[in-house]
Structure formats: structure tokens, C-alpha cells
Amino acid sequence: MLIQGIHHVCIKCRKDEIEKVKHFYGDLLGLPILRSWGEPELEGFMFETGDGLVEVFTNAEEELPQGSIRHFAFKTNDVDQCVKIVRESGYQITLESKDVVDASNPPFPIRVAFCIGPVAKRLSFFRRDNLACSK
């Protein structure tokens, strides 16, 4: 197969938002920073997700409420715990955890939730397995 998965998703933030972004992805969700660049000022960094990377550039000049990326999904074994952590940290949950069977062929059972992270980035927590749905 030529395409084997998502390598990274890129988001932008302003320099004054760096600590908020690091706290959300690093401290709350537990993603380690794989690499960073730019000296003496931090220009960007990458978080390791296990199956890909979240790349952050710190050169946004204005707020980018949605930008060209509508959302990205983190694969997880515990959607509900992700929602709990994010909610308790003051971030907005836009779709509570729920089981869904996507109407595809073959059917695609998932458990999913959505939130708004720092720099107004919409993201989801996503688990796919046959046990995710009771249908």
C-alpha cells in the first residue's frame, strides 16, 4: 500500500499561545515533544502521538479559528477518559462520547467525542473496534 497512515497534522499558533498548546497536548493528553526547532526563539515543535505527529508552528499572525484543517482525530482506547480530562481543564466538549456505526460498507463501529482545544482547534477522540457499539 502506498499510503500507510497519517504522518502529521500541522497547526499554527501565535507565540503568546505556545504554553497553552504545550499544556493541552503535552500535559493533559500526555503527548511527548519529539523535536523542536528555532533558536533563540521557539519556532515550532512536534508532538508524538504513537501513530503520527502533531506539528505546531508558532508563526501565526492572527487568530485562526478553524483554518484549513477542520479537525483531527486522536486514536485512543478510552474516549471517555479523554473527555473527562479535557472538560476538567476547562475546554469545551462539542460532542459527548457516543457509540456510532458509520453507514459505510462494511459498517464501521466507533466511539467518538469532539472538543475545542487551544487556538480554537477542533479535535476528536476516536476508538474503533467491534466492542465500541452495542448495535
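Mentor: Before we start on this predicted model, keep in mind that two strands pair if DSSP finds at least two bridges between them.

Trainee: Okay, so which residue is the bridge partner of Ile 93 in strand 7?

Mentor: The partner of Ile 93 is Cys 115, and that bridge belongs to the set of seven that join strand 6, residues 93–102, to strand 7 in an antiparallel arrangement.

Trainee: And how many bridges join strand 7 to strand 8?

Mentor: Seven bridges join strand 7 to strand 8, residues 122–128, and these two strands run antiparallel; across them, Arg 111 stands opposite Arg 127 of strand 8.

Trainee: What about the hairpin there, which residue takes a positive phi?

Mentor: That is Val 119, with a phi near 50°, in a hairpin that has five residues between strand 7 and strand 8.

Trainee: Is strand 7 mostly covered or mostly open?

Mentor: Strand 7, which spans residues 108–116, is mostly covered, with seven of its nine residues buried.

Trainee: Switching to rings, how many aromatic pairs are there?

Mentor: The structure holds 10 aromatic pairs, including Phe 45 with Phe 47, an edge-to-face pair at 5.4 Å centre to centre with 85° between the planes. Both Phe 45 and Phe 47 are buried, and they belong to one aromatic cluster whose members include Phe 24, Tyr 25, Tyr 91 and Phe 125.

Trainee: Which charged end sits over the ring of Phe 45?

Mentor: The charged end of Lys 22 does, 5.6 Å from the ring centre, while elsewhere Arg 122 lies over the face of Phe 114 at 4.2 Å from that ring's centre.

Notes
Residues numbered from 1 in each chain as written. Predicted model: local features only at pLDDT ≥ 70, side-chain atom pairs only at ≥ 80, totals over all residues. Heavy atoms only, no water. Buried < 20%, exposed > 50% of the residue type's maximum accessible area, 1.4 Å probe, protein only. Helix = DSSP H or I, 4+ residues; strand = E, 2+ residues; numbered from the N terminus. Phe/Tyr/Trp six-rings, centres within 6.5 Å; stacked < 30°, edge-to-face > 60°. Lys NZ or Arg CZ within 6 Å of the ring centre and 35° of its normal.
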